[in-house]
Amino acid sequence: MNLEKVIFGFFVLLAATLNFGFFIGDLADPELHNVNELYAAVVVNLIATVLKFGDRTQIGAVHLATSLVADLQLISAAIAWAYASHVSSEGLTGEAMASVVSLSGGALFANVVSVVLLVVETVSFRRR
Amino acid sequence: MGNPLLAYWHRMFDGRRHDRPSDAPPRTPVPSVTQASTTIFLVLRRMRIPLIVLIVIFAVSVFGLTLIPGRDENGQPFRMEFFDAFYFMSSTATTIGFGEIPNKFTDAQRLWVTATIYLTVIGWAYAIGSLLALLQDRGFREAIALQRFIRRVARLREPFLLVAGYGQTGELLGRSLDALGRRFVVIDRTDTRIDSLELEAYHADVPGLVGDARNPALLGVAGLANRRCEGVLALTDDDETNLAVAMAASLLRPELLVITRTVSPAIAERMHAFGAPTVVNPFDRFGDYLCLAVRAPASYQLMSWLTGVTRAELPPRPQPPPPGRWVVCGYGRFGRAITAHLRDEGMEVTVIEPSAVAAGDAEVVAGDGFEPGVMARADVAHAVGFVAGTDSDTTNLSLTAAARRANPGLFVTARQNEPSSAPLFQAMSVDSVLVPTELVAREALARLADPLLWQFLQVVPAMGDAWAAQIIDRLTSHCGHRAPVFWQVRLDADEAPTLMRWLAAGDARLGEVLRSPEDRERRLDAVPLMVLRGDETVLAPEEDFQLSVDDELLLAGRPAARRAFETTLSVDAAGEYVTTGRYAPSSWVWRRIARDTKVTVGR
């Protein structure tokens, strides 16, 4: 067992699950989307991205790309949320919440690709 | 920086002007280093932990701040949002610090913030410290240097040479190449030599790399993989390395010009097994030159003048000794080569060698030359020439002194190993000094100069002393005592468009075109050295030599003469005036008018 692989898999999966947790529920209902979960998703995604740094393989490069996409989407979602709840005069309307959640939905897709890559990598690994 | 105009020229007309198919990709894929691209991966990989530590510290601090209850200005309970917490932590962690916002903190909040301030400082210090340590890392710096080198080589837009080994030879050659406007790339094993590239005031940018030239991958990035590379020079002081470079070059790019240096005939043999490199053995070549100097002093003078550094002074003509017996001191590789050459020339040779290993084939006197009695035993008093050929300069100098004492009229030849001893050899007024590094540089340079000049130099020794003396007279009377510049011209529609009509008319005499385009009464300070017509060569053609289309000319002369001649070849009006004496109008309108009225001015 490789501890590095355990940590790597843990963070990749946790990023996806947190993201999913935030995303699930009615798109426009602020009650169903916990902002703490969004925060946790952003942090865990950033850590997962850094863990993917410095891998020279092709699959490593794609891993990094998916993570960067997820980061971009989640940070956009966080900014959208901050804008809606702090800057905008209307506050956190259903419309604003919908855009935050749909952005995190995009990130979820990238995270799912990341998990698929992880699974593919694991399945295709053979010890000779 | 190279000359941008030249770079443009090569980019536009590269393939057309050179017979060599320079645009064709190398036949065999040339290995390249992947090491360079690892640089960024190395940074990222080593930065993983510091970055994660930083993210975690930030995340914990921000999250903690949102959990701790605060109070707003009315004393009502208030929880910070992530937005406020993130803003506050960002300004605090980066030591900017805008104060407590949005409200004054409670003591509980202050407690937490105090802890996070220290935590974030540690996180930043760790991350920045790791990054700086990484930048100081030797492997990382080498990787950066390699990547920079690859970029610089890739940016070269002109044909360039790859020089492996930048010792004294490389430096001498580099200066001359730079003066000739040639570009080159350097690989050397030691970083002090590569650093010295920066100190040398070259006109052009010379990319240099610290590395082992035996590695084909390094040779690949240094130019073998580049289609603009036109030649490889292996000039290290290690024969094995030179052999490896010659091998790599001729296996991977068989069409390239390869020049290698070696002092061992066995290695030279092995080099010849791969392609057709020009192998320069300084000892062997010096033997040739010494014999030439003895047999034909003027030929020797001409050769050493023309192969010397750019615009060198005419060297003095050697005063050779009469035929007779020579004494060679030191029977190493140099001594053997010299002895063999002198014997080939029909001279009698006595060898002095401390370790009498060479016994058997020669008349050998065992002992050190400067020991009392040894000079007498070798009968230096009745010899005509003396060669001090050991690998120590002090020994050579004392041998020279001892030989001079025994026989003041002796023709003395000495081998100078260190450049720093040059003033001593000069003060001894040794008749002929071998400086191996200099000789290799000159030989390589002659080979790299115009192909026609190389061809010319090859035939000089065979033409005899009187002919060489005549050529020297002709050159000095036209061009003075500084070595002329050489250039070659092919008389075709590309290079001499203005002369085509004149050539086609027949009876085009060489002397008529070597005239100043300002005043055709004045002869240009240029001497035609050779005309190449098909496979036929004419050496030192006379003024009334009849030229025809597609002749190739090798000319020597002052730089101003070269410019004037090129004006004649390329500017219509100048060509017309020089060949016919008519002032042809140069503008389009006047030319149209002149065509109708045939305006002729002057003669």
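What covers the buried residues of helix 3 of chain A? The cover includes helix 1 (3-23), helix 2 (35-51) and helix 4 (94-123) of chain A.

This is a predicted model: local features need pLDDT of at least 70, side-chain atom pairs count only at pLDDT 80 or more, and totals for chains, interfaces and linings use all residues. Residues are numbered from 1 along each chain as its sequence is written, and chains are lettered from A and ligands numbered from 1 in the order in which they are written.

**Helix 3 of chain A**

Helices (H or I, at least four residues) and strands (E, at least two) are DSSP runs, numbered from the N terminus. Helix 3 of chain A has 30 residues, 58-87. The expected span is 1.5 Å times one less than the number of residues. That gives 44 Å, and the end C-alpha atoms are 42 Å apart, which agrees. Its buried residues include A:His63, A:Leu64, A:Ala70, A:Leu74 and A:Trp81. Buried means 20 or more other C-beta atoms within 10 Å of the residue's own, with C-beta atoms placed from the backbone.

**Where chain B touches chain A**

Contact means C-beta atoms, placed from the backbone, within 7 Å. By that rule, 13 residues of chain B are in contact with 13 residues of chain A. On the chain B side, helix 2 (38-67) and helix 3 (82-93) each give two or more residues. Helix 2 of chain B supplies the largest share, ten residues. The table divides two sets of contact residues by class. Ala, Val, Leu, Ile, Met, Phe, Trp, Tyr, Cys and Pro count as nonpolar, Asp, Glu, Lys and Arg as charged, and the others, Gly among them, as polar.

| Contact | Nonpolar | Polar | Charged |
|---|---|---|---|
| Side of chain B that touches chain A | ten residues | no residues | three residues |
| Helix 9 with helix 10 of chain B | four residues | no residues | two residues |

**Helices 9 and 10 of chain B**

The axes of helix 9 (residues 239-252) and helix 10 (residues 265-272) of chain B come within 10 Å and cross at roughly 10°. Axes are lines fitted to C-alpha atoms, for helices over the stretch in contact, and angles run from 0 to 180 degrees between N-to-C directions. The two helices are therefore roughly parallel (angles under 35 degrees). B:Asp239, B:Leu243 and B:Ala246 of helix 9 meet B:Ile267, B:Arg270 and B:Met271 of helix 10.

**The sheet of chain B**

Six strands form an open sheet in the order 11-10-9-12-13-14, with parallel pairing (at least two DSSP bridges between two strands). Strand 11 (363-366) and strand 14 (432-434) of chain B stand at the edges, each with a single partner strand, so one side of each lacks a neighbour in the sheet. Neighbouring strands are turned by 15° against each other on average, direction ignored. Three bridges join strand 13 (residues 411-415) to strand 14 of chain B. B:Ala414 has B:Val433 as its bridge partner in strand 14.

Note on methods: A residue is buried if 20 or more other C-beta atoms lie within 10 Å of its own, exposed if 12 or fewer, and partly exposed in between; C-beta atoms are placed from the backbone. Two residues are in contact if their C-beta atoms, placed from the backbone, lie within 7 Å. Angles under 35 degrees count as roughly parallel, over 145 as roughly antiparallel, 65 to 115 as roughly perpendicular and the rest as oblique.
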